[in-house]
Amino acid sequence: MSEAIRNRYDFVILFDVENGNPNGDPDAGNMPRIDPETGLGLVTDVCLKRKIRNYVQMVKEGDPNYQIYIQGKVPLNRMDKSAVQYVNLDPDDEKALKKAKKEDPELDMKLRDFMCRNFYDVRTFGAVMTTFVKANLNCGQVRGPVQLGFAKSVDPIIPQEVTITRVAITTEADAENKGTEMGRKYIVPYGLYRAEGFVSANLARKVTGFSEDDLALLWQAIINMFENDRSAARGKMAVRELIVFKHDSELGNAPAHKLFDIVKVRRAASSIWHWKTKT
């Protein structure tokens with residue numbers, strides 16, 4: 001793997017959705033998330049990170065240095081135990097773990113460093129790896145160099161509730177009384193969303209070792225995060241623009257908010273189409 005990045009970065013992502021639900025809210029019947037004060041649509045940072053993780057897992061499948069720590073239906077403790085096994089200890093032998101920790105005060109740091117080297121999302125976003133605790137030993141907490149804020153739509157969105165039907169009936173009793181079943185789904189007819197992110201070279205150097213190769217993969221994952229993660233519920237989603245500010249130093253040359261203020265998004269003027277019919 002290449003060395004840790006030396007430059008700070010700030011970036012803006014512009015993506016849109018057409019006839020889909022980019023991020024449903026389970027507390028509101030899975031309606032698209034909305035800021036109640038402004039009516040602007042929201043997409044959580046967790047949702048965007050999931051897309052990035054999915055892409056990395058797909059393109060780096062089988063690469064031991066690009067495993068994914070947070071993934072569906074895989075217990076976190078299973079990943080943590082792999083770090084304990086790396087230092088030649090039995091994760092279930094609490095007596096041996098206690099002895100090893102007493103003899104090596106840096107054992108926790110070794111487990112943390114193993115997780116950073118082998119799991120891309122730990123190296124990138126950080127993680128709380130304290131669910132596995134034996135003899136006060138765990139993989140620690142890592143603050144990742146890459147952070148994303150919530151995405152917010154440029155204009156207020158107007159979610160629509162669409163009634164749908166299906167011909168497949170659930171039970172035999174229902175089949176005797178009806179020929180279809182009703183359902184519903186929520187869509188945003190169109191929304192352009194903006195998300196802002198940060199890459200800290202300082203944290204990359206001091207903590208996780210996030211490298212130039214990792215950074216290139218991050219940009220690739222952001223640009224393609226919707227391309228192989230299609231769903232009928234999410235409609236047509238696409239990243240329209242990725243704008244990256246590269247600083248000349250580890251700590252940066254300008255405040256992030258001033259750089260973000262430079263990026264203006266305005267509605268394009270409507271065009272009137274004229275045509276002639278040949279006679």
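**Helix H4, its salt bridges and the cores**

Let me begin with helix H4, residues 107-118: at 1.5 Å a residue, its 12 residues should span 16 Å, and since the C-alpha atoms at its ends are 17 Å apart, the two values agree. Please keep in mind throughout that this is a predicted model.

Which residues of H4 are buried? They are Leu107, Asp108, Leu111, Arg112, Phe114, Met115, Cys116 and Asn118, and the buried residues of this helix pack against helix H2 (76-86), helix H3 (94-103), helix H5 (120-125), strand S5 (126-129), strand S6 (140-143) and helix H7 (201-208).

Two of those buried residues carry charge partners, so a general remark helps here: side chains of opposite charge can pair when their charged atoms come close. Aspartate 108 meets lysine 101 in a salt bridge, with 2.3 Å from N to O. Aspartate 108 counts as buried because its relative accessibility, 19%, falls under the 20% limit, whereas lysine 101, with a relative accessible area of 24%, is partly exposed. Further along H4, the side chains of arginine 112 and aspartate 113 also form a salt bridge, at 3.1 Å from N to O; arginine 112 counts as buried at 16% relative accessibility, while aspartate 113 is partly exposed at 28%.

Turning to the model as a whole, how many salt bridges are there? The count comes to 22. One of them joins aspartate 121 to arginine 53, whose closest N and O atoms are 2.8 Å apart, and this pair links distant parts of the chain, for aspartate 121 belongs to helix H5 and arginine 53 to helix H1 (residues 45-59), 68 residues apart. Both aspartate 121 and arginine 53 are buried. Elsewhere, Lys51, Asp229 and Arg234 are linked in a network of salt bridges.

Finally, the nonpolar cores. The largest has 37 residues, and those with the most contacts inside it are Ile13, Phe15, Ile52, Val199, Phe210 and Leu218. Several elements each supply at least two residues of this core, including strand S1 (9-20), H1, H5 and helix H8 (212-223), and H8 gives the most, with 6 residues. If we look at isoleucine 13 and leave aside its neighbours within four places in sequence, we find it in contact with residues that include Leu148, Tyr193, Ile222, Met225 and Val239. Apart from the largest core lies another, of 21 residues, among them Met115, Phe119, Val122 and Ala135, and Met115 takes us back to where we began, as one of the buried residues of H4.

Key: Residues are numbered from 1 along each chain as its sequence is written. This is a predicted model: local features need pLDDT of at least 70, side-chain atom pairs count only at pLDDT 80 or more; totals for chains, interfaces and linings use all residues. Side-chain values use heavy atoms; hydrogens and water are left out. Helices (H or I, at least four residues) and strands (E, at least two) are DSSP runs, numbered from the N terminus. The expected span of a helix is 1.5 Å times one less than its number of residues. Buried means under 20% relative accessible area, exposed over 50%, partly exposed in between (1.4 Å probe, protein chains only). Contact means heavy atoms within 4.5 Å. A salt bridge is a side-chain nitrogen of Lys or Arg within 4 Å of a carboxyl oxygen of Asp or Glu. A nonpolar core is a set of buried Ala, Val, Leu, Ile, Met, Phe, Trp, Tyr and Cys residues joined through side-chain atoms within 4.5 Å.
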